[in-house]
Amino acid sequence: MIVKERKKPLMILKLHALLDRISPHHPEIPKITEELKKREAGYRGETSLDYPLSFLDEKNYLIFHDLRLKDNSSFFQVDTLLLTKSHFIVLEVKNISGTLYFDHDFKQLIQTTHNGKERAYSYPLTQLRRQEQQLKRWLEKHHLKQMPITSYVVVSNPQSIIRTSKKSLHISQQVIRKEELPEKLLLLEKSKSPEILNSKGMKKAARSLLKGHLEQDQSIFEKFQLTKNDIQKGVMCSSCKYIGMKRYHGYWACPVCKMKSKQAHLQAINEYRLLFNPTITNSQLRDFLNLQSADTAKRLLKSMDIPYVGENKGRKYDLTKIREFKI
């Protein structure tokens, strides 16, 4: 049973919003685009596990996607964590193309692309051991029963070639392709490991894990050393992408392609939430949407039917309560 669903990471949503709003000639665009490409590849790799995981017996597994827990003063994140009555199972997903050489001597993963270019990555098996240690400490701190932790590096790209040295063939026990995952888990299930948790204990652990999760919310401005002046204000036309739609009586109109919309401001407000702040005031809304009228801004905020705190000019509206947008 899936206890914690996988959803598109907040940073991916922020990067999309940033690319929509930043000047098209900004020098950081190549870096932003590369970061988005890397994160979307990782997300696609994680979602590709949904199919092999669907073969598991829901009664025997609790599944947590993108779980981020605090270990002392730092955080650690697990792509997918499985909980059974006898094991914790950590899955670290790698969606990397080309030939992947697991160098166990120097503790590095070397990618060779189709054009022969090499790139080194952190060693995934070292990462797994660290995650196991952090999870063990977290369970102990929260007074949960200790259980064996089994972990796998799951290579999700079906075209990747996996290699290692002859003396390091033992890594094949931990580095697997996603298609192998159901069989690996079935073998683990049949290993006759003693059951440590009953159904009640599994539910207690699940509640603690969900309560301990904290989504990462990194400032996009700090990450790319940007300022608010780098962001273009205004309502974007969904047809031609022009930023600067004009507000008329009850609708927005694009001065370039003449497209009209009654709800074009919703996307702009969602991008404000992603880039700046989860709350907004009437004056902040007017500034971001390039509106002159406080009454018009008030009507737009009221039409969204979202909670607020404060009164008059100090009233702040909670933008986390507006519906999600697919970007």
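This short presentation covers a pocket, a helix pair, two small sheets and one loop residue in a predicted model.

Let me begin with the pocket. The largest pocket holds about 1,700 Å³ of space. Its lining is made up of 43 residues, and those closest to the centre are Lys 38, Arg 39, Gly 42, Tyr 43 and Glu 46. Several elements give two or more residues to this lining: the helices α1 (10-21), α2 (29-47) and α4 (124-141), together with the strands β2 (62-71), β3 (74-83), β4 (88-94), β6 (108-112) and β7 (118-122). Which element gives the most to the lining? That is α2, with nine residues. As for the character of the lining, 20 residues are charged, 13 are polar and 10 are nonpolar.

I turn next to α2 and its contact with α1. The axes of these two helices come within 10 Å and cross at roughly 145 degrees. Is the crossing left-handed or right-handed? For α1 and α2, the crossing is left-handed. On the α1 side, the contact consists of Met 11, Ile 12, Leu 15, His 16, Leu 18 and Leu 19. On the α2 side, these residues meet Ile 29, Ile 32, Thr 33, Glu 35, Leu 36, Arg 39, Glu 40 and Tyr 43. By class, the residues of this contact are nine nonpolar, two polar and three charged. I would draw attention to Arg 39 and Tyr 43, which belong to the α2 side of the helix contact and are also listed among the residues closest to the pocket centre.

Now to the sheets. Strands of a sheet pair through backbone hydrogen bonds, in either a parallel or an antiparallel arrangement. One open sheet has three strands in the order β11-β12-β13, with antiparallel pairing. Why is one side of β11 and of β13 left without a neighbour in the sheet? Both β11 (246-247) and β13 (260-261) stand at the edges and have a single partner strand each, so one side of each remains free of a neighbour in the sheet. The antiparallel pairing of β11 with β12 (residues 252-253) runs over two bridges, and Lys 246 stands opposite Ala 253 in β12.

The loop between β12 and β13 contains Val 256. Beyond its neighbours within four places in sequence, Val 256 is in contact with Cys 240 and Tyr 242. From Val 256 to Lys 241, the C-alpha to C-alpha distance is 9.6 Å, with a separation of 15 residues in sequence.

A second open sheet also has three strands with antiparallel pairing, in the order β14-β16-β15. Here β14 (279-280) and β15 (308-309) are the edge strands, each pairing on one side only. Two bridges join β15 to β16 (residues 316-318) in the antiparallel sense. Within that pairing, Tyr 308 has Tyr 317 of β16 as its bridge partner.

Definitions and conventions. Residues are numbered from 1 along each chain as its sequence is written. This is a predicted model: local features need pLDDT of at least 70, side-chain atom pairs count only at pLDDT 80 or more; totals for chains, interfaces and linings use all residues. Side-chain values use heavy atoms; hydrogens and water are left out. On a 1 Å grid over the protein atoms alone, a cavity is a set of points where a 1.4 Å probe fits but cannot get out, and a pocket is an open set with protein on both sides within 12 Å along at least five of seven lines; lining residues have an atom within 4 Å of a point. Grid points are joined across faces, edges and corners, and a volume is the space filled by probe spheres set on the points. Helices (H or I, at least four residues) and strands (E, at least two) are DSSP runs, numbered from the N terminus. Ala, Val, Leu, Ile, Met, Phe, Trp, Tyr, Cys and Pro count as nonpolar, Asp, Glu, Lys and Arg as charged, and the others, Gly among them, as polar. Axes are lines fitted to C-alpha atoms, for helices over the stretch in contact, and angles run from 0 to 180 degrees between N-to-C directions. A crossing is left-handed if the near helix is turned anticlockwise from the far one by less than a right angle, and right-handed if clockwise. Contact means heavy atoms within 4.5 Å. Two strands pair if DSSP finds at least two bridges between them.
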